[in-house]
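Trainee: I should like to understand how charged side chains are judged to be paired. May we go through the reasoning together?

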Amino acid sequence: MLNVIICEDNEKDRNNIITVVKGFMDKNQVKYDFHIYNDYNKDFMKIISIKIPFKIYLLDIETPSGSGIDIAREIRKKDVDSVIIFLTGHEELGNIVLKNDLMFLSFINKFDDLRGRLNKSLTKALDLLHQKRVIKFTDRNICYTININDILYVTKESFERKTIIKTDYNEFRVSKPLSEIIKMLDERFIQTHRACYINSERKVKVDKVSRIIMFDNGDTVDLLSDKYRKVVY
């Protein structure tokens with residue numbers, strides 16, 4: 001699931017951008033959520049910190065209360081993986097953007113072939129995001145694409161015979177066996193229990209008494225057996 005985050009203060013321009021993005025995503029059969037803002041306000045700043053997968057930012061260079069360039073700096077402090085596309089009606093601002101090390105994908109003039117240029121940029125954005133380390137599988141006619149960095153742990157729920165993939169933003173319960181899911185993961189995942197593997201790079205603390213493992217987002221799991229304690233500690 002892509003998350004398309006748009007900030008544009010002009011209603012007409014904002015609607016045009018939404019129309020182009022919607023047309024592109026629907027044509028390419030990409031599942032996505034829109035997050036629409038008309039200014040760099042408190043709600044917009046919250047979306048920067050929220051852990052959701054595959055963000056594409058479409059940032060207006062100038063809004064009443066802020067600069068897209070400054071916002072891009074804030075994004076890059078927390079997130080180097082998301083795609084940033086700048087949109088403006090002022091071509092001359094391109095030099096200012098280029099002077100800043102913002103790792104942006106493209107700089108688009110809203111009044112110069114918006115549809116064509118934005119479609120090309122979105123195509124590049126999808127290519128970049130697909131290069132990120134993800135697992136992809138289909139379970140009961142549902143296609144899953146999950147960023148491995150976002151996975152905290154994977155475990156088996158015996159009662160419903162489901163495999164649980166716990167991420168920052170969701171808990172996926174799938175019918176695929178735990179053994180199949182583990183084969184899709186990389187060396188970061190270590191076994192802590194006969195039915196649990198954790199992302200070792202996300203682990204921050206292990207309580208040896210209660211055997212609770214804490215992750216960097218505050219979530220915990222209590223699946224730690226004697227057999228695997230030394231590996232985890």
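Mentor: Let us begin with Arg 188 and Asp 186, whose side chains meet in a salt bridge at 2.6 Å, N to O. This is a predicted model, in which local features need pLDDT of at least 70 and side-chain atom pairs count only at pLDDT 80 or more, while totals for chains, interfaces and linings use all residues. Residues are numbered from 1 along each chain as its sequence is written, and side-chain values use heavy atoms, with hydrogens and water left out.

Trainee: Why is the contact of Arg 188 and Asp 186 called a salt bridge?

Mentor: The term requires a side-chain nitrogen of Lys or Arg within 4 Å of a carboxyl oxygen of Asp or Glu. The N to O distance here is 2.6 Å, so the pair qualifies.

Trainee: What makes Arg 188 buried?

Mentor: Buried means under 20% relative accessible area, exposed over 50%, and partly exposed in between (1.4 Å probe, protein chains only). Arg 188 has 11% and is therefore buried; Asp 186, at 18%, is buried as well.

Trainee: Why does Glu 180 count as partly exposed?

Mentor: Its relative accessibility is 35%, so Glu 180 belongs to the class between the two cut-offs. Glu 180 also forms a salt bridge with Lys 176, with the closest N and O atoms 3.4 Å apart.

Trainee: How do you know that Asp 13 and Lys 110 form a salt bridge?

Mentor: Their closest N and O atoms are 3.5 Å apart, and the limit is 4 Å, so the rule is met. Asp 13 is buried at 12%, and Lys 110 is buried at 12%.
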